[in-house]
Amino acid sequence: MDDKVDENPVNVQPNIGHARITNYTHPAAGWGALLSVARNLTQQGIMAKGAITLLNINQPTGFDCPGCAWPEKKHAHAFNFCENGAKAIAFEATSKRVPPEFFAERTVSWLSEQSDYFLEQQGRLTDPMRYDAATDRYVPISWEEAFSIIARHLHALDNPNQAAFYTSGRASNEAAFLYQLFVRNFGTNNFPDCSNMCHETTSVGLAESLGLGKGTVTLDDFELADAVFIFGQNPGTNHPRMLSTLREVSKRGARIISINPLKERGLERFQDPQSPIEMMTNGSTRISSNYFQPKVGGDYAVLMGMMKHLREWDQKALAAGEPSLFDHAFIDMNTDGFEAMIDQVDQTSWASIHEQTGLKPDELKSLAKMFCDAERVIFCWGMGITQNRNGVANVQMLANLLLARGHIGRPGAGACPVRGHSNVQGDRTMGIHERPSPKLLDSLDRVFNMKSPRENGMGVLETIEGMLKGDVKVFFALGGNFAVATPDTPVTFEALRRCTLTAHVATKLNRSHLILGKEEALILPCLGRTEIDEQLHGPQAISVEDSMSNVHLSAGKNAPASPNLLSEPDIIARLAEAVLPDSPIKWRWYIESYDRIRDAIAEVFDEFHDFNARVYPPGGFHLQHPANEHDWHTKTGKAGFFIKPIDEVYADKEYAYAAQYKGQHKGQLYTLMTMRSHDQYNTTIYGLDDRYRGVFGQRRVLFMNKDDIKEAGFVADQWIDIESIFPDQVKRVVESFRIVPYDIPRGSLGAYYPETNPLVALSSRDERAMIPASKSIPVILHAGKAPEHFNLALPVDPEAVHG
Ligand SMILES: Nc1nc2c(c(=O)[nH]1)N[C@H]1C(S)=C(S)[C@@H](COP(=O)(O)OP(=O)(O)OC[C@H]3O[C@@H](n4cnc5c(=O)[nH]c(N)nc54)[C@H](O)[C@@H]3O)O[C@H]1N2
Ligand SMILES: Nc1nc2c(c(=O)[nH]1)N[C@H]1C(S)=C(S)[C@@H](COP(=O)(O)OP(=O)(O)OC[C@H]3O[C@@H](n4cnc5c(=O)[nH]c(N)nc54)[C@H](O)[C@@H]3O)O[C@H]1N2
Ligand SMILES: [Mo]
């Protein structure tokens, strides 16, 4: 075992010579990706072990890739993984370790001054640790002590709702199920979840429109679709395996239409590492046949415009005695609210639409035409659609278009929200939900003879607000990096510090572990997905649900990173025993064989009947979306058209304040989106390159239209500070970002998350889904200066990238 710790000072003067911005002219994936995989394995000291580990990803007998939630192909290729999945694996299977000696040598104050990049680079956590205020260090403790500390804090609360239990979307179905069972037996529905920052707008919107907040398509539908629309998603970086699917769609001659303010390389050209011919000839496949660049936040107007064109063309068709463009047979049988929706569209002026799209009227028209011409349409979408103040409205407008032309339940057509974390969808299915359905609670009560709490709990934003008010005192996290992933960073830090106890189940050290509860703080290290999970009945497999509702098993092959790690289900079971000594549930009995957990899941959820029998065969099973059978689990028993007047969307409190601000002050107001670079996994920074966007050796960049740069009197490469403008008038600024001229619509800006999270007010959110609006932040810019330090070490020679 290699315990060596990289002593690189972090707050170093950046090597500006290394940082550069260029045009990336190569296709996505291909040789660039393979080189990057090799570099990451070397960096983590696992070249040989890593290569073997990679061969087991997404194989019937291997483990599920923790990289993203895109489904596996049915007949998996010898290597069914991608560059960024490989990075996720390399970071988990790393040879580096963070043992107790690491903490003995470093105070938490010192660690707090290091960058997030440094913290994650140190390697895998090996032992449970408790913060010791006297020495300002984390010290090792036994698992028993750790659980009894948590039990003591939980027992000291006035009521169970003073505790919140966070989940990040890597937790398995088995862990998630036991977790929600424990927390509900303890007595609360406070389940903040990473989904509260991600696809919750999808879940809320589609649940109301279609009866279930999940996608309706499978990979098979991509073989039949004649048009695939991709809204606000960057698969080249975030779901690279999706590019193989899109490549097939493109080769078939079907249309792929991207709607994204940025021209993303992965949506333009792709070189398939699994196609020997493409690799040998350095060839590539065109992905998008058409590319539209609306302004940030313009999607609602774009979708409204598509519907309005459809409406007008329909009226013309009917007048000419031609068949309707709407699928009236489908609409009449299956839906409610069509007339009211059309009324709203009629009342919406073209001027109010064109003002917001950022597209030329002709572009909007041709986009609508492509939709109208297609018989089998798939809509894919990502964070560009969901992380907005009008995220639910966006999603429901997508659903309206699909329903209006009968694209739900038709082979080759449907809704494809592309989830992030590899099991975020499964965690929700297993009952990690702050607003649980009565059906779920009834079922739990029946199977476990318990009394579930019936009051709705808190999601992420309510939890932070609760901590600030003193209503939430204990914070427990099953994975993730809550302090950094959430908005309004300084406020969130303060909120966590007001808790009496913070406790984190984690694989790697991160910033959240250093934002300490005022009385106690714990780190509970767990097994990762690549590792063997040995229990009484032998090695155990866990199950996950991908973005297309396929449930399958995952079993690690590597030896655990340390003998002192526990699996996540085991940690939860032991914690439950410590906290609920009188519970009739035999928590540890479930851990002896996870088949027992799956049997319990089968009893609680109808759709998981015969779970073990169905999940063991390779590939597992598929959870049907009832909408595909035209069975609508909505309040009315029908699918619904839901529409919001365009003025309500674009004239809310924040828009009004921004407009007033613009009137009073000179200077430009922009809309900033915060997104992922190619070398990161959410808050985990793998490296400082964003290869496809041509950014190397740096992260503090701001993408800006060249005419905007000129108009503001700035120049390319200039350092600026970004300030957000919200009605609460709190000053929120991030400093020292370098301006990069970019092909982005005027008035729109782009920068990386999480550095920009201090700009997002807690109050800036979709009010129905309570999701932070991290893709539409109103900001102004000030001239700034070069950073004194990058707060990030330069990990690689960026020249190596091009090889
Ligand atoms: N390698 C890697 N893979 C990942 C992750 C990772 O960090 N790294 N994260 C995982 C997670 S949790 C998630 S949720 C997914 C996220 O995957 P994505 O949904 O692709 O997330 P983002 O990188 O945030 O960027 C989304 C895209 O939205 C566009 N966009 C921004 N604003 C708008 C807008 O107003 N309208 C439109 N139409 N587009 C807009 C941006 O230009 C960008 O291309 O990826 C998952 N997979
Ligand atoms: N401004 C802005 N903010 C955003 C976003 C954005 O686009 N813009 N995106 C949002 C989205 S979509 C999401 S999903 C959230 C992500 O929020 P989180 O899910 O909370 O964050 P991650 O960075 O994925 O969590 C990384 C940590 O998870 C731990 N970890 C890794 N693997 C395991 C494991 O197997 N078990 C356990 N127990 N721990 C593990 C490691 O310690 C690692 O440090 O961020 C959100 N925040
Ligand atoms: Mo996500």
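Start by selecting N682 and ligand 2: a polar side-chain atom of N682 sits 3.1 Å from an oxygen atom of ligand 2. Keep in mind throughout that this is a predicted model.

**Ligand 2**

Leave ligand 2 on screen and add Q387, whose side chain has an N or O atom 3.1 Å from an oxygen atom of ligand 2. Next add T507; here an N or O atom of the side chain is 3.3 Å from a nitrogen atom of the ligand. Taken alone, ligand 2 exposes 930 Å², and the protein buries 96% of that.

Now show the whole shell. It holds 30 residues, and the closest to ligand 2 are E120, Y166, S168, E568 and T683. Colour the shell by class and you should find eleven nonpolar, 13 polar and six charged residues.

**Ligand 1**

Move to ligand 1. N682 is worth keeping selected, since it is among the residues that come nearest to ligand 1, together with E264, G297, D299 and Q680. The shell around ligand 1 has 30 residues in total.

Switch on the backbone atoms for the next three selections. At N238, a backbone N or O atom lies 2.9 Å from a nitrogen atom of ligand 1. At G297, a polar backbone atom is 2.7 Å from an oxygen atom of the ligand. At M383, a polar backbone atom is 2.8 Å from an oxygen atom of ligand 1. On its own, ligand 1 has 930 Å² of accessible area, of which the protein covers 99%.

Colour this shell by class as well: ten of its residues are nonpolar, 16 polar and four charged. Then turn on the cartoon. Two helices, α11 (235-238) and α20 (383-386), and two strands, β25 (670-675) and β26 (680-681), each supply at least two residues of the shell around ligand 1.

**Domains**

Colour the protein by its domain assignment: domain 1 (99-195 + 423-623), domain 2 (200-421) and domain 3 (647-783). With these colours on, return briefly to ligand 1, whose shell draws at least three residues from each of domain 2 and domain 3.

Next, hide domain 2 and look at domain 1 and domain 3. Their centres, taken over C-alpha atoms, are 33 Å apart. Each side of the contact can be selected in turn: 20 residues come from domain 1 and 20 residues from domain 3. About 1600 Å² is buried between domain 1 and domain 3, and carbon and sulfur atoms give 57% of that area. On the domain 1 side, select Y117, L461 and D488, which lose the most area to domain 3 and together make up 34% of what that side buries.

**Two backbone stops**

Stay on D488. Where in the chain is D488 found? It is in the loop between α25 (482-485) and α26 (489-497). Its phi is near 50°, a positive value in a residue other than glycine. Most residues other than glycine have a negative phi, and most peptide bonds are trans.

The last selection is Y753 with P754. A cis peptide bond joins Y753 and P754, with omega about 5°. To place P754, show β32 (748-752) and β33 (765-766): P754 is found in the loop between these strands.

Technical notes
Residues numbered from 1 in each chain as written. Chains lettered and ligands numbered in written order. Predicted model: local features only at pLDDT ≥ 70, side-chain atom pairs only at ≥ 80, totals over all residues. Heavy atoms only, no water. Near = heavy atom within 4 Å. Polar contact = N/O pair within 3.5 Å; in protein donor to acceptor, adjacent residues only side chain to side chain. Areas by Shrake-Rupley, 256 points an atom, 1.4 Å probe, with all protein chains shown as cover. Helix = DSSP H or I, 4+ residues; strand = E, 2+ residues; numbered from the N terminus. Nonpolar A, V, L, I, M, F, W, Y, C, P; charged D, E, K, R; others polar. Domains from an automatic or database assignment. Contact = heavy atoms within 4.5 Å. Buried area = accessible area lost by both parts, 1.4 Å probe.
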